[in-house]
Amino acid sequence: MVETQANTQSILVVGGGISGVTAALEAAEAGYDVVLIEKNPYLGGRVAQLYHYFPKLCPPACGLEIYFRRLKQNPRVRFFTMAELVKVSGEAGNYDVTIKLSPRYVNEKCTCCGKCAEVCETEIDNPFNFGMDKIKAAYLPHEFAFPMRYVLDPSIIGTEDAKKCQEACEYGAIDLDMKESTFDMKVGAIIWAAGWNPYDASKIEYYGFGQYKNVITNVMMERLASPNGPTGGRIVRPSDGKEVKNVAFIQCAGSRDENHLPYCSGICCLASMKHATYIREQYPDCEVTIFFIDIRALDRLEDFYTMVEADDKVSFIKSKIAYITEDEETGNLTVEGENTRTGEQIRMSFDMVVLATGMVPNKMNGVAPPDVTYDDYGFIVLDPEKPGIYGAGCTRRPTDVATCVQDATAAALKAIQSIARR
Amino acid sequence: MEKKTAVYICTGCGIGDALDVGKLLEIATDDYSIPICKEHPFLCGPEGVEVIKKDIQEEGINTIIIAACSPRVNYDVFNFGADKIVERVNLREQVVWMQPPGEEDTQMLAEDNLRMGCSKANDTELPEPFKPEEEISKDILVVGGGLAGLTAALETAKAGYKAVLVEKEDRLGGFLTKMKKLVTMPYKELSDTGLEDLVKAVEDNPNIKVYTSSTVEKISGAPGLFSVEIKGNGNSATEKVGAIVQATGWVPYDANKLDHLGYGKFKDVVTNVEMEEMAAAGKITRPSDGKDVKNVLFVQCAGSRDPEHLPYCSSVCCLVSLKQAAYIKEQNPEAVNYILYKDMRTLGQAEDFYKKAQLDGNVFVRGSVANVGEEGGKLFVEADDELLGERIRIEDLDLVVLAVGMVPSTQPDEIPRIPAPEGAEGADEEGMIEVTPDSGFYATKALGLEYRQGPELPTLKYGFPDSHFICFPYETRRTGIYTAGCVRRPMETAKVIDDATGAAMKAIQCTEATSVGMAVHPRSGDMSYPEFNMQRCTQCKRCTEECPFGAINEDEKANPLPNPTRCRRCGVCMGACPERIISFKNYSVPMIGNMIKAIEVPEEDEEKPRIVALVCENDAYAALDMAGIRRMQISPYVRFIPVRCLGSVNLVWIADALSRGIDGILLMGCRYGDDYQCHFIKGSELANTRLTKVSETLDRLALESDRVKFVEVGITDYEKIPKIIEEFMETIEEVGPNPYKGW
C-alpha cells in the first residue's frame, strides 16, 4: 500500500510525457498539489525518443533537464512511474481513482552501477528503440532516464537469469518479489495527458512496412539519428547497415485517408523536413525526396520549410504514392505514383523509404466515468458543461511540442478551477 | 546561521575502490576543521541516510557535505529540509567513473573536488526570501479585450483570482466583433462566435474589472508589485497587479501593398477581413455596384509566404477562406467558389472542414496568381495552375478575396531609432540607429514599462513578442509578463482560447511564486536573489544593460536599482560587475574565487597541469555526467566548477585562476546566436564577449590568450567531451605551464 496525501484538493495528471510533466509542474508551481503517474519506467514520454526538435534542431533533453530539475525541487508534485490509471468514479471536484503500480523489480536502492545488466544473459527487444535493437532484460531505459533507475523485464522473473541479477547487485536493489499493487486516492481534477501511439504502418499494405526491411516510419528514423539509438546515431539501412544515398519520405502515409486516419497529424511535414536535415548533415551527398500532398508549415515554421527547400539535394514532389515494391537482392525500394504536377508516372528507386505516419490518441478506455467524450477519431473533447477531466497535448489533437506545452499549461488552470470551485 | 558542518563520503559505486577515502577524510578534518567526517559504504541507502539524520538531530549538524554521486541524482534522498545547507561533491560520475582507479591523479582530482566543496559550503548562506515592503498583488492585468484577452481574464477569475482588463476600443471583442461565424472543433460545420456570451460572462464577473476606451499609459514596478496607470474616457486610474498578460492582437497586412493583385485598383477585390465584415453585416454583395455575388475567387497567401511582404504563414487563412466559401454557398447554393492556393493548411481535425469544402463543390486550384484584371465589369484572375502545368484564366468573377496575413500589433510601422551607443555601426547623421526586434524599444506602445531596457516586450523576428523556446512557449524576456493569442503567433480561435488560458496560468503562478519569494522558470523555487553593495558601485551600467530580463533599473546618476521580483537569478549581473558588488547568499564571486583558490596546484616540475572548467549547470554539467555514466575517460587534470550560467562568470575568476598558476580555463556552455539554447537568453553570448576583453589583459601579462577558451557543449554532446578536453590539453601543452605557478 502506498501512502499518499492526495485529497480532493489535488490534481491527478495521467501521463508523464511533455504534456503531463508540464501540466503537473505549472499547477504545482502555482501552489497546488499534484500526483503524476506514468506507465513507463521513465518520464519524458515520446519526446525523449526524439533526436531534435524542429525548427531549432535542438535536443529535447535540454528542456527536459530543466523540467526534471523543477520537478526535483518541488515537494508538491509526487510522481509514480510504472503506474496506470485503472478506475475513475465520482464527479468534478471529488473523484475516486485507483492507480495500478506494475512491479519494476528494482527498488530505490538502485545506484545504476550496471552490474545486473552485465550478468544478465536474456535479451529483449529494446522498447525505447522500437525493437530495432536488443538490450538486456535488466536495463536502464535510456541514459537520460529520469528517474535514474534500472528495470527488470517481467519475462525473466522466475528464471535463473533474474536470480543472477539479484546476486550481482551489491545494494540489495533487486526485489524479485515485487508484485503488482494498487492504491486508491481522492482527487479534485484529472488531466488526461496519456499521449499517442504511432499509427500502425503495417496496415498500409501497399507501402510494405513490416515486409520490406528498408521501409521505416518517422519515429524509427528519430531513433536511427539519435546517438543513443540502435546504431549510435548513424542513419543506415536496416537490411544491411549500409549508408544511405537516396532516401524517400512518403508524407500522409495512412493519414488524410478514409481507409486509415482521416485526419492530418499536423507535424509530419515538419518532422520529415527535419529528418531531411539529419540525413543531409550526416551525408552531404545523399539525396532526399519528399512526396507530399500539401506542405504544412504554419506561422514562423514557414522559415524552416524555406531553409530545407533551398537545399538543392532535397526535392519536393507532389504525389500520393500508390505503392512500394522491393528489389529482394539489393533491398532497394521502388516507389510508384503519379506526379500531380506533371501528370507523369513516377517510378523511382531508393535505398530507404520513411513513412510519415500519423498519431493515434490514447483514450481512457473504460476507465473513465461516462462524462468523457471523444470526437470521431478518439481525441478527448473539452466540454465546458462537464468539467473535471481535461485532456492535454496529443490526446486532444495531434500537434507539436510547443502547442502541447501551451495546452498542458491551460489544462493545469482548468484543473485548478475545478478545485478552486469548491 | 552558525554552521555546524559534517562531511560524508560514500564509498559505494566504486568510489571506495578507486580512491584513498581515508586521505579524503583527513583533508576535510585537518584542512577545513570539519568536526564530523565519516565514510559509509552505501550512503544513499536507508542506513546511510540514517547516519546523517542522527548527526543532524544529536550533533546539531546543519551544513552537510556529501561527497558521492552527482547532485543531479538522489536529490530526494539527500534532502534534509530547507533550513539545512547541502553541498554535493561529485566523486562518482565526474571522478571515479571517468578516471582509472587507484591512480595518483585520480586521487588528486577527488581531493580537489572535496576541497572545493568544503570551501563552497563555507561560503554558502541560506537564502532568505525577498519580502518587499509593499504588499504583493495577485491580481492579473490583461491588456487587450479580444478573444485572447477576454479568455485570459475569464479563466483567471474562474480560478479565483482578480483580473483587470483594458481594451482600447469602446466595446469588447476585438476581431471577434467583425466575425460572422467561426470554424472550430470539431470542424464539421460553422459555429457561432460565442462573442455575446463571452462578453457577458466577463462583464458580469465580479472578479473582473473592465476598462474600455482605455489604454495602458505606463507600468512601473515588478512582478507582484506592478503599478499600472490606465487612461481613458478622460479619466486616469491606477491599478496594482501582480502579473500581466499582453493580448493586444493583430492587424491585417496592409493590402494597399498588394496592388499587383488588384487591391485598390478594383473595388471588387477585397481582403478576407473586409469579406468577413460584409458577411457579418448581412449580405455579401459586390462592393462596386451592390449586385449579387455568383462567382468568387479566393487568393490564398496574398502577401504571405512571400519574402517581399510577410515571409511567414499566418496559419488561419486557409480555414478562413473555406469558412467564407461556406458563407457564399449558404447565401447562394448555386454560387461558385474558386480557391487558388499554394498549400492547403488545414491541420489536425480541421482536415474534416477541408473535406466538407470539397464536397460542397468548391473548386480548388493549386497554383500561384499571376494577374488580376477587370473586363466588362467582372474580374478575371490569371494563374499558373500547377496541376495543369499551364497558365489559366478564371473569368466572370464578382468578387476576388485576398487572404491576407496577420501582423502583430507590436510590429511598428516605422522602426524606432535611438541614440547609437558608442562605436556602433549603422548610425545616421543624427547619431541615431534603428533598434533591433529584440530591443525593448522596438514594439509599438502597449505596456509603457518603466524599465531601463525599454517600455515594451522584446520581440522575435517579424515583431512577435514570443518566447524563443520550444519547450517554454510562455517565457518572454520580461518576468511576470506573458503574451497570448495572435500577438505572439498567428493562430486560429481554438488555439487562442488554449493559449490565453495557459497565459493566465503562468501569470497566476508568477504571483503565487513571487508572494513567497520564489523565482519562476527556469530557476523555479529559487529563493536567493542578487544583493548590491552600492558603496563600491562605479555606475558603469554593465549590470543594467546586460541583464537579459531588464530586471535592473537606473536612477539619474546611473546607480542600478534592482528589482528582485523581476529577477531570474541567473547571475549575469554578478558576472558583469567589474567591482564585484553583486552577490547571492548562496552564490557569489568570492565563493567561486575561493573554490579556485582551494585547488592544489602542483609545481611546474611535476608536469601535472591544472585546468579549471567553468561549466553551465543547465546543459554542460549534465553532459559531463552522461560522459561519466558512459565511463568515458578524460584527462585527470581538469577541475569542473558548475555555475548557474556562463553569463554569471566574472572575469576576476579567470584572473584568480591564472594568478594561482592554473594553466588553462575552459568555459563550457550553451549555443548562442540566432538559435540560442541558453536558458538565460544571452548568458553564453555575454561570456564570449567578455572573454575577448580578457585576451587583452592576458597579452599584457605575457600570458597566451589560448589559455582561456569557450566551448559549446550542449546537453547531448557528451560524446564530444573527451575530444574537447584532449584538444584543450594539447593547446596547453603547446603554450607550456603557467609561469605564475608557485608565486
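This is a selection-by-selection tour of a predicted model, going from the strands of chain A to the A/B interface and then to the domains of chain B.

**Strand β11 of chain A**

Start by selecting residues 189-192 of chain A, which form strand β11. Show the side chains and look at the two faces in turn. Ala189(A) and Ile191(A) lie on one side, Ile190(A) and Trp192(A) on the other, and all four are buried. In a regular strand the side chains alternate between the two faces of the sheet.

Next, add residues 10-14 of chain A, strand β1, which pairs with β11(A) in the parallel sense over 4 bridges. To find the register, pick Leu12(A): the residue opposite in β11(A) is Ile190(A).

Now add residues 389-391 of chain A. This is strand β24, parallel to β11(A) and joined to it by 3 bridges. Here Trp192(A) has Gly391(A) of β24(A) as its bridge partner.

**The sheet β4-β5-β10 of chain A**

Clear the selection and take the three strands β4, β5 and β10 of chain A. They make an open sheet in that order, with antiparallel pairing. The edges are β4 (83-91) and β10 (181-187), each of which pairs on one side only. From one strand to the next the twist averages 20°.

Zoom in on β4(A) and β5(A), the latter being residues 94-101: 8 bridges connect this antiparallel pair. One position to label is Leu85(A), whose bridge partner in β5(A) is Ile99(A).

**The interface of chains A and B**

Show both chains and select the residues in contact across them: 76 in chain A and 87 in chain B. The size of an interface is often given as the accessible area lost when the parts come together. Between chain A and chain B about 7,200 Å² is buried, with 54% of it on carbon and sulfur atoms. Highlight Lys56(A), Arg300(A) and Gln406(A), which supply 12% of the area that chain A buries against chain B, more than any other three residues.

How many salt bridges cross this interface? The rule finds 18 between chain A and chain B. To inspect one of them, select Arg396(A) and Asp498(B); the closest N and O atoms of this salt bridge are 3.0 Å apart.

**The domains of chain B**

Finally, colour chain B by its domain assignment: domain 1 (1-126), domain 2 (140-249 + 410-515), domain 3 (269-401), domain 4 (531-579) and domain 5 (587-743). Domain 2 is given as two segments, 140-249 and 410-515. As a last step, place the C-alpha centres of domain 3 and domain 4 of chain B, which lie 54 Å apart.

Technical notes. Residues numbered from 1 in each chain as written. Chains lettered and ligands numbered in written order. Predicted model: local features only at pLDDT ≥ 70, side-chain atom pairs only at ≥ 80, totals over all residues. Heavy atoms only, no water. Domains from an automatic or database assignment. Buried < 20%, exposed > 50% of the residue type's maximum accessible area, 1.4 Å probe, protein only. Helix = DSSP H or I, 4+ residues; strand = E, 2+ residues; numbered from the N terminus. Pairing = 2+ DSSP bridges. Axes fitted to C-alpha atoms, helices over the stretch in contact; angles between N-to-C directions. Contact = heavy atoms within 4.5 Å. Buried area = accessible area lost by both parts, 1.4 Å probe. Salt bridge = Lys/Arg side-chain N within 4 Å of Asp/Glu carboxyl O.
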